[in-house]
Amino acid sequence: MIHSVELDGQTIPITLKWNARAKRLILKLDPKGNGVIVTLPEGVSQRQGLRMVEKNRVWIANQLAKQPTPVPFQDGADLMFKGEMYRLNHLPDARGTVWCEEDQKTIFIAGKTDFFERRLSDWLKKQAKETITPQAHTLAARIGKTPRRISVRDTVSRWGSCSAQGNLSFNWRLILAPPHILTYVVAHEVAHLRHMDHSPAFWATVEELGVNAREGRHWLKKNGTFLQRNGR
């Protein structure tokens, strides 16, 4: 449910989301820069959610001021890809495809300007899918599990998730992060195939999969917002 609030002359979108697993009201900025998200437990009213926003107007304004500038996909821009910076190079007269030259640290995007951003986004999502899927199957096999389905999406609040049915879902922007950070997230979600919580047994399983959970969490906390702003 979408509402809005006026802050310093700007209209800020407010998204109210009810979650049966939520234990309390949670207020946070949308990582993609689309205002504020309020998560409410079931049974909590819309009025209570909006009241929380009003009580935290100063905090919201301060946090919005700290958000990094959106990073659009455009010719000549720099883009982090697998943890390294690449230059985006548009070739309008070439056939409509995308390819990467690692030695030049350049990603080439061919075709008409109108399709530049969508074509690059589709290519990055494909790279993420092709990288994540085999990793997830390999790591799951190490703990005697098999994912039911693996998908790559444009998620807002999570880098990955694991459903009770064993379906794994990942944010495609993980392909922008260093490979060991992507692998940490994959291992984190695979570990949920064994433990659907964050108990000590769960974290022991994450470590069993050979990743550094502390480093992964720290890197994403520090750089996650930047990743989310790419491709807007």
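How many bridges join β10 to strand β11, and which way do the two strands run? Three bridges join them, and the strands run antiparallel. Before I go on: this is a predicted model.

Let me stay with that pair. β11 covers residues 167-171. C162 sits opposite L168 of β11. G160 has F170 as its bridge partner in β11. Together β10 and β11 make a hairpin, with four residues between them. Look at G166 in the turn: its phi is positive, about 90°.

Now the other side of β11. Here the partner is β9, joined to β11 by five bridges. These two strands run parallel. One pair to find on screen is R153, which stands opposite N171 in β11.

Put the strands together. We get an open sheet of three strands, ordered β9-β11-β10, with mixed pairing. β9 (149-153) and β10 (160-162) are at the edges, and each has a single partner strand, so one side of each has no neighbour in the sheet. On average, neighbouring strands are turned by 15° against each other, direction ignored.

What about β11 itself, is it covered or open? It is mostly covered, with five of its five residues buried. That holds on both faces. N167, S169 and N171 are buried on one side, L168 and F170 on the other.

Next, the helices on this sheet. Helix α3, residues 116-142, lies across β9 and β11. It runs at about 150° to β9. Helix α4, residues 179-191, also packs on the sheet and touches β10 and β11. Its direction makes about 155° with that of β11.

α4 has a helix partner too. Its axis and that of α5 come within 9 Å and cross at roughly 135°. That makes α4 oblique to α5. The crossing is right-handed. From α4, the contact uses Y184, H188 and A191. From α5, it uses F202, W203, T205 and V206.

On to the cores. In soluble globular proteins, nonpolar side chains tend to be buried together. Here the largest nonpolar core has 47 residues. Which of them touch the most other members? They are L88, I107, L120, L124 and V190. Several elements each supply at least two residues of this core. Among them are β5 (78-81), β6 (84-91), β8 (106-110), β11 and α6 (213-228). α3 gives the most, with nine residues.

Take L88 as an example. Leaving aside neighbours within four places in sequence, L88 is in contact with ten positions you can click through: F73, Q74, D75, G76, A77, L79, I107, I109, F116 and L120. Apart from this core lies another one, of 13 residues. L16, M52, V53 and I60 are among them.

Last stop, W99. You will find W99 in strand β7, residues 98-101. Is W99 buried or partly exposed? Its relative accessibility is 30%, so W99 counts as partly exposed. Beyond its neighbours within four places in sequence, W99 is in contact with L91, T106, I107, F108 and A110. Now compare H3. W99 and H3 are 96 residues apart in sequence, and their C-alpha atoms are 41 Å apart in space.

To recap: β11 pairs with β10 in antiparallel fashion and with β9 in parallel. Helices α3 and α4 lie on that sheet. And α3 is the top contributor to the largest core.

Methods. Residues are numbered from 1 along each chain as its sequence is written. This is a predicted model: local features need pLDDT of at least 70, side-chain atom pairs count only at pLDDT 80 or more; totals for chains, interfaces and linings use all residues. Side-chain values use heavy atoms; hydrogens and water are left out. Two strands pair if DSSP finds at least two bridges between them. Axes are lines fitted to C-alpha atoms, for helices over the stretch in contact, and angles run from 0 to 180 degrees between N-to-C directions. Contact means heavy atoms within 4.5 Å. A nonpolar core is a set of buried Ala, Val, Leu, Ile, Met, Phe, Trp, Tyr and Cys residues joined through side-chain atoms within 4.5 Å. Buried means under 20% relative accessible area, exposed over 50%, partly exposed in between (1.4 Å probe, protein chains only). Angles under 35 degrees count as roughly parallel, over 145 as roughly antiparallel, 65 to 115 as roughly perpendicular and the rest as oblique. A crossing is left-handed if the near helix is turned anticlockwise from the far one by less than a right angle, and right-handed if clockwise.
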